[in-house]
Amino acid sequence: MMVGQKHTYVCFHCRASARCEWLASNPLCQHYNRQMTQLHNGIRIPRRKDAKGWDRLWLSLIERQRKERVRWYYGSDSFKRWKVEKLRGRPI
Ligand SMILES: [Zn+2]
């Protein structure tokens with residue numbers, strides 16, 4: 001990991017985002033005190049009000065995680081269940 005390189009972190013609960021240098025553990029979101037999620041470089045972060053954009057982003061990450069069989073982690077299992085339930089049957 002290069003020193004000084006910035007990484008992007010987001011919170012899918014309140015759609016906060018942060019850019020900071022790599023830390024030993026992900027930064028915490030100010031609102032919920034949860035660990036924020038690190039994104040790959042080059043991913044465009046939707047505007048905070050763009051709920052559909054955030055849903056799309058989240059789904060694309062889940063899909064990528066499934067395809068690449070990597071252990072990235074986009075929220076707790078209960079959050080995932082809630083999110084999948086929420087998005088089910090809704091056009092995105
Ligand atoms: Zn948050």
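**Entry 1: strand 1 and strand 3**

I began with T8 and found that its bridge partner in strand 3 is L39. Y9 has a bridge partner in strand 3 too, namely Q38. I then looked up the pairing as a whole: strand 1 and strand 3 run antiparallel and are joined by 3 bridges. For my own notes, two strands pair if DSSP finds at least two bridges between them. Helices (H or I, at least four residues) and strands (E, at least two) are DSSP runs, numbered from the N terminus.

**Entry 2: what I am looking at**

I should say early that this is a predicted model, where local features need pLDDT of at least 70 and side-chain atom pairs count only at pLDDT 80 or more, while totals for chains, interfaces and linings use all residues. Residues are numbered from 1 along each chain as its sequence is written.

I listed the elements next: the protein chain has 2 helices and 3 strands. From the N terminus on, they run β-β-β-α-α.

**Entry 3: the sheet**

In which order do the 3 strands of the open sheet lie? I read the order as 2-1-3, with antiparallel pairing. Strand 2 (16-21) and strand 3 (37-39) are the edge strands, each pairing on one side only. On average, neighbouring strands here are turned by 35 degrees against each other, direction ignored; the axes behind that angle are lines fitted to C-alpha atoms, for helices over the stretch in contact, and angles run from 0 to 180 degrees between N-to-C directions. A general reminder to myself: strands of a sheet pair through backbone hydrogen bonds, either parallel or antiparallel.

**Entry 4: the hairpin of strand 1 and strand 2**

I counted along this pair and got 6 bridges in the antiparallel sense. One pair to find on screen is H7, which stands opposite C20 in strand 2. The hairpin has 4 residues between its strands, and R15 takes a positive phi near 65 degrees there. That caught my eye, as R15 is not a glycine. Most residues other than glycine have a negative phi.

Is R15 buried or exposed? Neither quite: R15 is partly exposed, because 19 other C-beta atoms lie within 10 Å. The cut-offs are 20 or more such atoms within 10 Å for buried, 12 or fewer for exposed, and partly exposed in between, with C-beta atoms placed from the backbone.

**Entry 5: Q5 and N41**

Q5 lies in the segment before strand 1. I find Q5 exposed, because it has 9 other C-beta atoms within 10 Å. Q5 and C20 are 15 residues apart in sequence, yet 8.0 Å apart in space, C-alpha to C-alpha. Leaving out residues up to four places away in sequence, Q5 touches E21 and W22; a contact means C-beta atoms, placed from the backbone, within 7 Å.

N41 sits in the loop between strand 3 and helix 1. N41 is exposed as well, because 9 other C-beta atoms are within 10 Å. N41 and T8 are 33 residues apart in sequence, with 7.1 Å between their C-alpha atoms.

**Entry 6: the core**

Which residues make up the largest nonpolar core? I noted 9 of them: Y9, V10, C11, F12, C29, M36, L57, W58 and L61. Strand 1 (6-11) and helix 1 (51-68) are the elements that give two or more residues to this core. By nonpolar core I mean a set of buried Ala, Val, Leu, Ile, Met, Phe, Trp, Tyr and Cys residues joined through C-beta atoms within 7 Å.

I followed M36 further: beyond its neighbours within four places in sequence, its contacts include Y9, V10, C11, A18 and N26. Across the protein chain, buried residues make up 11% of the 92 residues.

**Entry 7: helix 1**

I checked the length of helix 1: its 18 residues should span 26 Å at 1.5 Å a residue, and its end C-alpha atoms are 26 Å apart, which agrees. The expected span is 1.5 Å times one less than the number of residues.

L57, W58 and L61 are the buried residues I noted in helix 1. Seen down the axis, the buried residues of helix 1 fall within an arc of 95 degrees, so they line one face of the helix; the arc is that of the directions from the helix axis to the C-beta atoms. On the other side, K52, S60, E63, R66 and K67 are exposed. Just after helix 1, R69 takes a positive phi of about 50 degrees.

Definitions and conventions:
Two residues are in contact if their C-beta atoms, placed from the backbone, lie within 7 Å.
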